[in-house]
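These are my notebook entries on the structure shown below. I looked up pockets, nonpolar cores, backbone angles and salt bridges.

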Amino acid sequence: MVQPDEIIRSHRKTLTISIDCNNRLIVRAPYSCGKERIFAFLREKETWILRKKAERAGTGIQLPPENLHGYRFLLLGEYCTVYLTKERKIGYDQSAHALYLPEKNTQKRLVQWLKENAGRILTDVTARTAQKMQTSYKSVTISSARSKWGSCSFDNALRYSYRLLYAPKDVIEYVVAHELAHTRYKNHSAQFWAEVAKYQPNWKEKRAWLKRHGALMGIF
């Protein structure tokens with residue numbers, strides 16, 4: 001029998017479960033919901049829980065420690081190692097997969113660096129992909145979203161989480177094509193997915209990668 005790591009009670013009406021970034025099982029329940037009902041629900045969902053925990057564990061994703069020296073995280077789908085230095089500027093050795101960060105304000109500087117590079121890469125990929133798809137968009141904005149990799153507003157303003165920079169380039173291209181398809185279809189209809197498939201034939205594999213690596217949303 002699986003055991004919850006945390007039970008969060010509130011004025012909600014429904015009982016839900018989730019696996020967080022640390023692979024912990026979180027139960028959200030109404031104040032009126034007794035433990036018998038909670039554990040009956042967990043027994044019912046046990047297969048799903050075990051599968052999701054195995055998927056999260058299989059990614060090998062670890063949340064950053066307080067001291068980032070030696071920490072490894074995904075950057076464009078490749079593991080990159082952080083090294084702290086006394087230099088003021090950030091250095092990135094792509095061939096060695098090494099990121100050199102200042103000892104002071106390390107995480108703040110890193111997030112700034114990630115946002116700047118995400119903006120540069122995603123702006124370029126969006127422009128090139130929009131040309132291929134023969135569509136247009138209002139703007140590209142980089143956000144700190146933890147729940148969505150990307151979004152397209154009603155007036156075709158595109159927003160991407162800077163955390164998308166952790167994904168491989170082909171997965172990034174899928175997310176961009178996905179959001180650009182929304183400039184034509186403001187839903188997830190069959191027409192929408194047909195549009196995505198024109199430019200991303202393997203979109204299901206790439207969407208599956210994002211689902212498997214959802215824990216990345218909790219990094220930095």
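Entry: second largest pocket. I began with the second largest pocket, which holds about 250 Å³ of space in this predicted model. I found 15 residues in its lining, and those closest to the centre are Leu-76, Arg-120, Ile-121, Leu-165 and Lys-169. I then asked which element gives the most to this lining. It is H3, with seven residues. Both H3 and H4 supply at least two residues each. I sorted the lining of the second largest pocket by class and noted eight nonpolar, two polar and five charged residues.

Entry: largest pocket. I turned next to the largest pocket, whose volume is about 520 Å³. Its lining has 20 residues, and Ser-147, Lys-148, Trp-149, Gly-150 and Leu-210 lie nearest the centre. I recorded helix H2 (46-59), strand E9 (150-152), H4 and H6 as the elements that give two or more residues to this lining. H4 provides the largest share, four residues. By class, I noted six nonpolar, seven polar and seven charged residues in the lining of the largest pocket. H4 thus appears in my notes on both pockets: it supplies at least two lining residues of the second largest pocket and four of the largest pocket.

Entry: nonpolar cores. I looked up the largest nonpolar core and found 48 residues in it. The residues with the most contacts inside this core are Phe-73, Leu-110, Leu-114, Leu-164, Tyr-166, Leu-216 and Phe-220. I listed the elements that each supply at least two core residues: strands E4 (72-75), E5 (78-85), E7 (98-102) and E10 (157-161), together with helices H3 (106-133), H4 (169-181), H5 (190-199) and H6 (203-212). H3 gives the most to the core, with 10 residues. H3 is also the element that gives the most to the lining of the second largest pocket.

I then followed Phe-73 and asked which residues it is in contact with, leaving aside neighbours within four places in sequence. They are Glu-78, Tyr-79, Cys-80, Val-82, Leu-99, Leu-114, Tyr-166 and Phe-220. Of these partners, Leu-114, Tyr-166 and Phe-220 are themselves among the residues with the most contacts inside the core. I also noted a second, separate core of 12 residues, which includes Val-2, Ala-29, Ile-38 and Phe-41.

Entry: positive phi values. Most residues other than glycine have a negative phi. I therefore set apart the residues below. His-97 is not a glycine, yet has a positive phi of about 55°. I placed His-97 in the loop between strand E6 (91-93) and E7. His-97 counts as partly exposed because its relative accessibility is 28%. Gln-134 likewise has a positive phi, near 55°, and lies in the loop between H3 and strand E8 (139-143). Is Gln-134 buried or exposed? Its relative accessibility is 69%, so I entered Gln-134 as exposed.

Entry: salt bridges. I found six salt bridges in the structure. Glu-6 pairs with Arg-24, with the closest N and O atoms 3.3 Å apart. This pair links distant parts of the chain, 18 residues apart: Glu-6 is in strand E1 (residues 6-10), and Arg-24 is in the loop between strand E2 (16-19) and strand E3 (25-30). Glu-6 is partly exposed at 34% relative accessible area, and Arg-24 is partly exposed at 28%.

Glu-103 forms a salt bridge with Lys-86, and their closest N and O atoms are 3.5 Å apart. Glu-103 lies in the loop between E7 and H3 and Lys-86 in the loop between E5 and E6, so this bridge ties together parts that are 17 residues apart in sequence. I noted Glu-103 as partly exposed, with a relative accessible area of 44%, whereas Lys-86 counts as exposed at 73%.

For Arg-128 and Asp-124, the closest N and O atoms of the salt bridge are 3.1 Å apart. Both residues lie in helix H3, four residues apart, about one turn of the helix. Arg-128 is partly exposed at 38% relative accessible area, and Asp-124 is partly exposed at 41%. I closed with Arg-184, Glu-195 and Lys-198, which are joined into one network by salt bridges that share partners.

Definitions and conventions: Residues are numbered from 1 along each chain as its sequence is written. This is a predicted model: local features need pLDDT of at least 70, side-chain atom pairs count only at pLDDT 80 or more; totals for chains, interfaces and linings use all residues. Side-chain values use heavy atoms; hydrogens and water are left out. A nonpolar core is a set of buried Ala, Val, Leu, Ile, Met, Phe, Trp, Tyr and Cys residues joined through side-chain atoms within 4.5 Å. Buried means under 20% relative accessible area, exposed over 50%, partly exposed in between (1.4 Å probe, protein chains only). Contact means heavy atoms within 4.5 Å. On a 1 Å grid over the protein atoms alone, a cavity is a set of points where a 1.4 Å probe fits but cannot get out, and a pocket is an open set with protein on both sides within 12 Å along at least five of seven lines; lining residues have an atom within 4 Å of a point. Grid points are joined across faces, edges and corners, and a volume is the space filled by probe spheres set on the points. Ala, Val, Leu, Ile, Met, Phe, Trp, Tyr, Cys and Pro count as nonpolar, Asp, Glu, Lys and Arg as charged, and the others, Gly among them, as polar. A salt bridge is a side-chain nitrogen of Lys or Arg within 4 Å of a carboxyl oxygen of Asp or Glu.
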